[in-house]
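Work through the exercises below with the coordinates open. Each task is followed by a stepwise solution.

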Amino acid sequence: MPQQPARGTRLFTVTADTLVAVDFGPRTKGRPPGPYGRLFARPGTRAFTLANLLARLPMGMFSVSAVVMIAGTRGSYALAGAVTATGLAATALVAPWTARLVDRYGQARVAVPATLVAALGSLALLLCVRHDAPAWTLFAAYAATATTPNTGGMSRARWAHLLDGDPDALHAANSFEQAADELCFMLGPVLAAFLCGAFFPEAGTLVGVVLLVTGVLAFAAQRSTEPPPSGRTTTGATTTTPPAPSPLRSPGMPPLLAVCLALGAVFGSTEVVTIAFADAQGHRTAAGVVLALQAGGSCAAGLLYGRVRFAGPAEDRYPWCVAAMTALLVLPLLAASLTGSLLLLSAALLVAGMATAPTMITNMTLVQRRTPDGRLNEGMTLAVTALLGGIACGSAAGGWVVEHLTPTAGYGVPVTAAAVALLVALARQGVRTAAA
């Protein structure tokens, strides 16, 4: 039996008048790892990222599951919407306090009990719906879920702790985290709708609770990458450093939160208007797929954005990102008003979504830089709270326009909200330039 040539050897032969060379050496060359490869080459990063993704996926499941579960058993979308709105308002009030405790006492020490309280709230909601409890119990149970910790913020805090002093690596980490947010909010509603429809109305909430608790427990177990609590050093010794001021008092933070509020209105109004537009076209079930395309475009753009190295500071490109988002949001308005085609609207939302992740990545980068040391979770949770408040306002505004005008006109709401965000960003840039 003939022996195989050794690796790295070359054989030569002649065919007619042609010299043929055969190289048996390895075909792969040692390419340097990309920005994401360098990120996850650090010890412990893959473990805490996978656990955090598992805990973050239910964030896109709970509201959809609650609406389907309540509306399916009580026959009232108004009640379902009111319950979820109450939970959203409670989260806006409680989340910053939970984040402050996380910064002060540590992620594992606070996130685990806070998650268990939120899980009990979700299970209580499930039981109240299942056993036809009075309507007020639904509001009380869902309000208890407001203690759910900001899992995305905790993951970003770990990256900031591990990548201290490396702005390029932190840019890649923020880009990955934003893409992960988009992926979870793209897959979460689809998974929730499937579980509630294929099995029983409570299935989405039940699976979401299991994923959340499992993910947070696994995330908290990764102690080697956890940032030290404020007031303590990495060795555990207590320091006498006075507590850092509130992130709300940091210079430049209020305008960033105002932009988050306006961007949240973009997201909330787009969701409501798209559902109404698809329903008017007789394809209401396709609304989830259309919105998933928008999130998919944002996810892809976010990963690409993280691979780019920018020479200038994030402050300079921030208004350009918001301006690009505002301009691209005109495309869905044109597609809906000029064609009325759901297919063209889907393509327009896909393209429009490509400006979302770069804008949010830059925003979160600036929020991190403006947040005092030791209060990073609180600062990022304030940004998320502003987004949630904007989503609630945008949903209400989009619903009002749809009901009193047309679904097509409703696409003017996200354009208007994005324009407001642009004006705030430009005003912030002007103040910064004048101060310089």
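The exercises that follow concern a predicted model.

**Exercise 1. Overall description**

Task: State how many helices and strands the protein has, and describe its burial, contacts and surface.

Solution:
1. The secondary structure comprises 18 helices and 2 strands.
2. The protein has 436 residues, and 47% of them count as buried.
3. Take the contacts with a separation of 6 or more: 80% of these join residues 24 or more positions apart.
4. The accessible surface is about 20,700 Å², and carbon and sulfur atoms account for 67% of this area.

**Exercise 2. A buried salt bridge**

Task: Find which residue forms a salt bridge with Arg 56, and place the pair in the chain.

Solution:
1. A search of the whole structure gives 7 salt bridges.
2. In one of them, Arg 56 pairs with Glu 177, with 2.5 Å between the closest N and O atoms.
3. Arg 56 belongs to helix 2 (residues 45-56) and Glu 177 to helix 8 (residues 167-198); with their positions 121 residues apart, the pair links distant parts of the chain.
4. Arg 56 and Glu 177 are both buried.
5. The two residues also belong to a network of salt bridges that links Arg 56, Arg 156, Glu 177 and Asp 181.

**Exercise 3. One glutamate, two arginines**

Task: Determine where the salt-bridge partners of Glu 315 lie, and whether each of the residues involved is buried or partly exposed.

Solution:
1. Glu 315 and Arg 369 meet through their side chains in a salt bridge, at 3.7 Å from N to O.
2. This pair links distant parts of the chain, with Glu 315 in helix 12 (residues 314-328) and Arg 369 in helix 15 (residues 356-370), 54 residues apart.
3. The side chain of Glu 315 also meets that of Arg 370 in a salt bridge, with an N to O distance of 3.2 Å.
4. Because Glu 315 lies in helix 12 and Arg 370 in helix 15, this pair ties together parts 55 residues apart in sequence.
5. Glu 315 counts as buried because its relative accessibility is 7%, and the cut-off for buried is under 20%.
6. Arg 369 counts as partly exposed at 45% relative accessibility, as does Arg 370 at 22%.

**Exercise 4. Helix packing angles**

Task: Classify how helix 5 and helix 9 are oriented, then do the same for helix 3 and helix 6.

Solution:
1. The axes of helix 5 (residues 107-130) and helix 9 come within 10 Å, crossing at roughly 170 degrees.
2. Angles over 145 degrees count as roughly antiparallel, so helix 5 and helix 9 are roughly antiparallel to each other.
3. Residues making the contact include Ala 108, Thr 115, Ser 122 and Leu 126 of helix 5, and Thr 205, Val 209, Leu 212 and Val 216 of helix 9.
4. For helix 3 (residues 62-74) and helix 6 (residues 135-143), the axes come within 13 Å and cross at roughly 170 degrees.
5. Helix 3 is therefore roughly antiparallel to helix 6.
6. Phe 62, Ser 63, Ala 66, Ile 70 and Arg 74 of helix 3 meet Ala 135, Leu 138 and Tyr 142 of helix 6.

**Exercise 5. Two residues of helix 9**

Task: Describe the surroundings of Thr 205 and Leu 212.

Solution:
1. Thr 205 is found in helix 9 (residues 203-220).
2. Thr 205 is buried because its relative accessible area is 3%.
3. Beyond four places in sequence, Thr 205 contacts Phe 62, Ser 65, Ala 66, Met 69, Ser 122 and Leu 126.
4. Leu 212 is found in helix 9, and its relative accessible area of 2% makes it buried.
5. With residues up to four places away left out, Leu 212 touches Ala 55, Pro 58, Met 59, Phe 62, Thr 115 and Thr 148.
6. Leu 212 and Ala 51 are 161 residues apart in sequence, with a C-alpha to C-alpha distance of 9.6 Å.

**Exercise 6. A nonpolar surface patch**

Task: Identify which residues form the nonpolar patch on the surface and which helix gives the most to it.

Solution:
1. The patch is formed by Val 289, Leu 293, Leu 331, Leu 334, Leu 338, Leu 350, Val 351 and Met 354, with about 650 Å² of accessible area together.
2. At least two of its residues come from each of helix 11 (287-306), helix 13 (330-338) and helix 14 (342-352).
3. Helix 13 gives the most, with 3 residues.
4. Val 289 lies in helix 11 and counts as exposed because its relative accessibility is 54%.

Methods:
Residues numbered from 1 in each chain as written. Predicted model: local features only at pLDDT ≥ 70, side-chain atom pairs only at ≥ 80, totals over all residues. Heavy atoms only, no water. Patch = residues over 30% accessible without salt bridge, like charges linked within 9 Å, V, L, I, M, F, W, Y side chains within 5 Å. Areas by Shrake-Rupley, 256 points an atom, 1.4 Å probe, with all protein chains shown as cover. Salt bridge = Lys/Arg side-chain N within 4 Å of Asp/Glu carboxyl O. Helix = DSSP H or I, 4+ residues; strand = E, 2+ residues; numbered from the N terminus. Buried < 20%, exposed > 50% of the residue type's maximum accessible area, 1.4 Å probe, protein only. Axes fitted to C-alpha atoms, helices over the stretch in contact; angles between N-to-C directions. Parallel < 35°, antiparallel > 145°, perpendicular 65-115°, else oblique. Contact = heavy atoms within 4.5 Å.
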